[in-house]
Amino acid sequence: MTDVFDILSQDHRAVEVLLRELATTSADAGPLGEKLVMEESRHEAAEEQHFWPTVRERVPDGDRLADRALSQEDEGKAVLDDLRKAEPGSNEFTQLVSKFTQAGRAHIAFEENEVWPSLRSVLTSEERQELGQKIERAKEAGPTRPHPNTPSSSGAQKTAGAAAAVADKAMDKLTGRGKK
Ligand SMILES: [Fe+2]
Ligand SMILES: [Fe+2]
């Protein structure tokens, strides 16, 4: 099952679950926050490499949609980068979670309601599978930190983003991050 919309939708639902958990539990705030940062970093980097270039190419008005989404993703990355550095359970942490929750929900709604229907209508089912496969692969190889200073253009994500992803994984291995 590699339909692009199924894969992205699973990711979105997983993020929503994490956000709900973060809003209700304080005990696991650290590991939950870490998981959110890792999942989101992979998801958005994969979209930046493969999803938005396809939207630009295939959807009439795709450039406008992609530009708006990328600016939302950049904003989200900046918040997650602050969250990653904040003390779990602190006021700052809680405020950043609620800031990300608002922005993240708006971003998911924008993608699902304003972008997906147009893209769905122009892709064949084979193309949906192919794009899904590319996104899955990019997620596996993707960064686990937000990297707000790496440009979100697809070219930059494939070069600078890929190098950052390798460094992230080496550091995760060293610290056992994301294993809890
Ligand atoms: Fe996104
Ligand atoms: Fe998304």
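# A walk around helix 2

Start by selecting helix 1 (residues 4-24) and helix 2: they pack at an angle of about 155°, with their axes 10 Å apart. Keep in mind that what you have open is a predicted model. An angle over 145 degrees counts as roughly antiparallel, so helix 1 and helix 2 are roughly antiparallel to each other. The way helix 1 passes helix 2 is a left-handed crossing.

Now show the side chains along this contact. From helix 1, pick Val4, Leu8, Asp11, His12, Val15, Leu18, Leu19, Glu21 and Leu22. Across from them, in helix 2, are Ala29, Leu32, Gly33, Lys35, Leu36, Glu39, Glu40, His43, Glu47 and Phe51. Colour the contact by class and you get 10 nonpolar, 3 polar and 6 charged residues.

**Next stop: helix 3**

Leave helix 2 on screen and add helix 3 (residues 62-85). The axes of helix 2 and helix 3 come within 11 Å and cross at roughly 165°. That makes helix 2 and helix 3 roughly antiparallel to each other, and the crossing is left-handed here too.

What should you click on? On the helix 2 side, the contact residues include Leu36, Val37, Glu40, Trp52 and Val55. On the helix 3 side, try Leu65, Leu70, Glu73, Lys77 and Leu80, which are among those in contact. By class, the contact of helix 2 with helix 3 splits into 10 nonpolar, 1 polar and 10 charged residues.

While you're there, click on Leu36, Glu40 and Glu47. They belong to the contact with helix 1, and they also belong to the contact with helix 3.

**Then helix 6**

Hide helix 3 and bring in helix 6 (154-175). Helix 2 and helix 6 pack at about 160°, and their axes are 10 Å apart. Helix 2 and helix 6 are therefore roughly antiparallel to each other, with a left-handed crossing.

Which residues meet here? Helix 2 brings Met38, Arg42, Ala45, Glu48, Gln49, His50 and Pro53. Helix 6 brings Ser154, Gln157, Lys158, Lys169 and Asp172. The class count for this contact is 3 nonpolar, 4 polar and 5 charged residues.

**A look inside**

Time to hunt for empty space. How many cavities of 30 Å³ or more does the structure hold? There is 1, and about 80 Å³ of space lies in it. To find the spot, select Ala45, Lys77, Pro143, Pro146 and Gln157, the residues nearest the cavity's centre out of the 13 that line it. Helix 2 and helix 6 are the elements that give two or more residues to this lining, and helix 2 has the largest share, with 5 residues. The lining divides into 3 nonpolar, 5 polar and 5 charged residues.

Some of these names should ring a bell. Ala45 and Gln157 turned up where helix 2 meets helix 6, while Lys77 was part of the contact between helix 2 and helix 3.

**Last stop: Lys139**

Finish by selecting Lys139, in helix 5 (residues 125-141). Draw a line from Lys139 to Glu39, C-alpha to C-alpha: they are 9.0 Å apart in space, though 100 residues apart in sequence. Then show what Lys139 touches: setting aside residues up to four places away in sequence, these are Asp11, Arg42 and Ala46. You have met two of these before, with Asp11 at the contact of helix 1 with helix 2 and Arg42 where helix 2 meets helix 6.

Terms used. Residues are numbered from 1 along each chain as its sequence is written. Chains are lettered from A and ligands numbered from 1 in the order in which they are written. This is a predicted model: local features need pLDDT of at least 70, side-chain atom pairs count only at pLDDT 80 or more; totals for chains, interfaces and linings use all residues. Side-chain values use heavy atoms; hydrogens and water are left out. On a 1 Å grid over the protein atoms alone, a cavity is a set of points where a 1.4 Å probe fits but cannot get out, and a pocket is an open set with protein on both sides within 12 Å along at least five of seven lines; lining residues have an atom within 4 Å of a point. Grid points are joined across faces, edges and corners, and a volume is the space filled by probe spheres set on the points. Helices (H or I, at least four residues) and strands (E, at least two) are DSSP runs, numbered from the N terminus. Ala, Val, Leu, Ile, Met, Phe, Trp, Tyr, Cys and Pro count as nonpolar, Asp, Glu, Lys and Arg as charged, and the others, Gly among them, as polar. Axes are lines fitted to C-alpha atoms, for helices over the stretch in contact, and angles run from 0 to 180 degrees between N-to-C directions. Angles under 35 degrees count as roughly parallel, over 145 as roughly antiparallel, 65 to 115 as roughly perpendicular and the rest as oblique. A crossing is left-handed if the near helix is turned anticlockwise from the far one by less than a right angle, and right-handed if clockwise. Contact means heavy atoms within 4.5 Å.
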